[in-house]
Amino acid sequence: MSLSTMRWAKMAIAGLGLAGLMSCTGSEAAAPETASAPEAEQTLASEQTYTPTIEDGRPFPEPLNDPVLPPAPVNLNTSFSYSGELTQGGFIRGVVPDGTVRASLGGQELEIAEDGTFFAAFDRDSAGSLKLSATNASRQTVTEALTVSPRKWNIERVNVSRRGGRSSEAYWKIRKPEYEAINAARAKVTDADGWKQDFIWPVKGRISGRFGRQRIYRGEPGSYHSGIDIAPGNGVPYVAPADGVVVLARMGFSLEGGLIIIDHGMGLNSAFLHSSKIAVKEGEVVKQGQYIGNVGSTGRATGPHLHWGLKWNSARLDPLLFVGPMN
């Protein structure tokens, strides 16, 4: 019962009592007595203990406890997503399925960035089908078959014997420390993320040699051309095609001459051969478009040009697929 209802009930009962008294005595009712101050204060105090009311006289509703809602559903990515050049000498960039702890391409383990992105590539002689797989912490595996399109390489067959070089012992004595220095540089792991970028041409000029070209000497295959040759003229400066860290910068190699190797991260690196001048130092962080050296004809070269090679782990890649046609 509300405070107003109780008060009106008390007044009604009192009224009935007075009416009864008047009918019994037959005289005018006496004026009601005024309550003393202490009694009034007590009445007010007791009235203040009641629940306040809203305008229509109903009590305020009790507050409701917020219901415990289940967590919103999470849409998990359960498959690979990627894009790139799925062809021999090409590459892909992509994202692994959520929760992946290990991934591989053709049995070769892939590095996975903290955001789940990855880089992978296909050698010049890659098989036509490779398995891309990812495994989560529960050992559940997602596998996808990639189709790698073949390419028609420029193969030249000549009816002459393969030209002999230096004796293996004499050659290896010179070449061994160079070979070890190159392998050690390419094995260095940096935090470079240039692999995420769209690459640019290090220099523009006449293309004098294309990736994958090969000679076969009376049935004996020679080494294929592992990069692209650009001939803009002797001494022309060239730049870094993407961000990275310089892992080798040295003149005097017997084959490469002035050699620069830049690590772009995720096992991807660029090599620049035959430089007449090197403008960077080992350990230096470089940005895309930064001047790093000058074109030359040092090492084993028939004329001034820049040989630009790209390598992902042990796979050799076609730089043309990273930059597209030269404008």
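This tour moves through the model in a viewer, one selection at a time.

Keep in mind that the model is predicted, so that local features are reported where pLDDT is at least 70, side-chain atom pairs count only at pLDDT 80 or more, and totals for chains, interfaces and linings use all residues. Residues are numbered from 1 along each chain as its sequence is written, and side-chain values use heavy atoms, with hydrogens and water left out.

**The whole chain**

Begin with the chain coloured by secondary structure, which comes to 4 helices and 21 strands; helices (H or I, at least four residues) and strands (E, at least two) are DSSP runs, numbered from the N terminus. Of the 327 residues in the chain, 37% are buried, where buried means under 20% relative accessible area, exposed over 50%, and partly exposed in between, with a 1.4 Å probe and protein chains only. Among contacts (heavy atoms within 4.5 Å) between residues at least 6 apart in sequence, 66% join residues at least 24 apart.

**Two strands to start with**

Select Ser 83, which lies in strand β1, residues 81-85. Leaving aside residues up to four places away in sequence, Ser 83 touches Phe 91, Ile 92 and Arg 93, and its C-alpha atom is separated by 9.6 Å from that of Val 95, 12 residues apart along the chain.

Go next to Thr 135 in strand β6, residues 129-136. Thr 135 is buried, with a relative accessible area of 11%, and its contacts, again not counting residues up to four places away in sequence, are Gly 99, Thr 100, Val 101, Arg 102, Gln 140 and Thr 141.

**Helix α3**

Now select residues 168-186, helix α3, and look for a kink of about 45° at Arg 175, shortly before the proline Pro 177; the bend at a residue is the angle between axes fitted to the seven residues ending there and the seven starting there. Arg 175 is also one of the buried residues of α3, together with Glu 178, Ala 181, Ile 182 and Ala 185. To see what the buried residues of α3 pack against, add β14 (244-253) and β15 (257-265).

**The largest pocket**

Keep α3 on display and show the largest pocket, whose volume is about 1,900 Å³. Of the 44 residues that line this pocket, Ser 223, Tyr 224, His 225, Leu 255 and Arg 300 are the closest to its centre. On a 1 Å grid over the protein atoms alone, a pocket is an open set of points with protein on both sides within 12 Å along at least five of seven lines, and lining residues have an atom within 4 Å of a point. Grid points are joined across faces, edges and corners, and the volume is the space filled by probe spheres set on the points.

The largest share of the lining, 6 residues, comes from α3. By class, the lining has 14 nonpolar, 16 polar and 14 charged residues.

**Two open sheets**

Select β8, β10 and β11, which form an open sheet of 3 strands in the order β8-β10-β11, with mixed pairing. Because β8 (155-158) and β11 (220-221) stand at the edges with a single partner strand each, one side of each is left without a neighbour in the sheet. Two strands pair if DSSP finds at least two bridges between them, and β10 and β11 pair in the antiparallel sense over 2 bridges.

Finish with the open sheet of 3 strands in the order β13-β19-β17, where the pairing is antiparallel. Its edge strands, β13 (237-239) and β17 (277-278), each pair on one side only. Strand β19 (residues 291-294) is joined to β13 by 3 bridges, and Val 239 stands opposite Tyr 291 in β19.

Notes
1 Å grid on protein atoms, 1.4 Å probe; cavity = no way out; pocket = protein on both sides within 12 Å on 5 of 7 lines; lining within 4 Å. Nonpolar A, V, L, I, M, F, W, Y, C, P; charged D, E, K, R; others polar.
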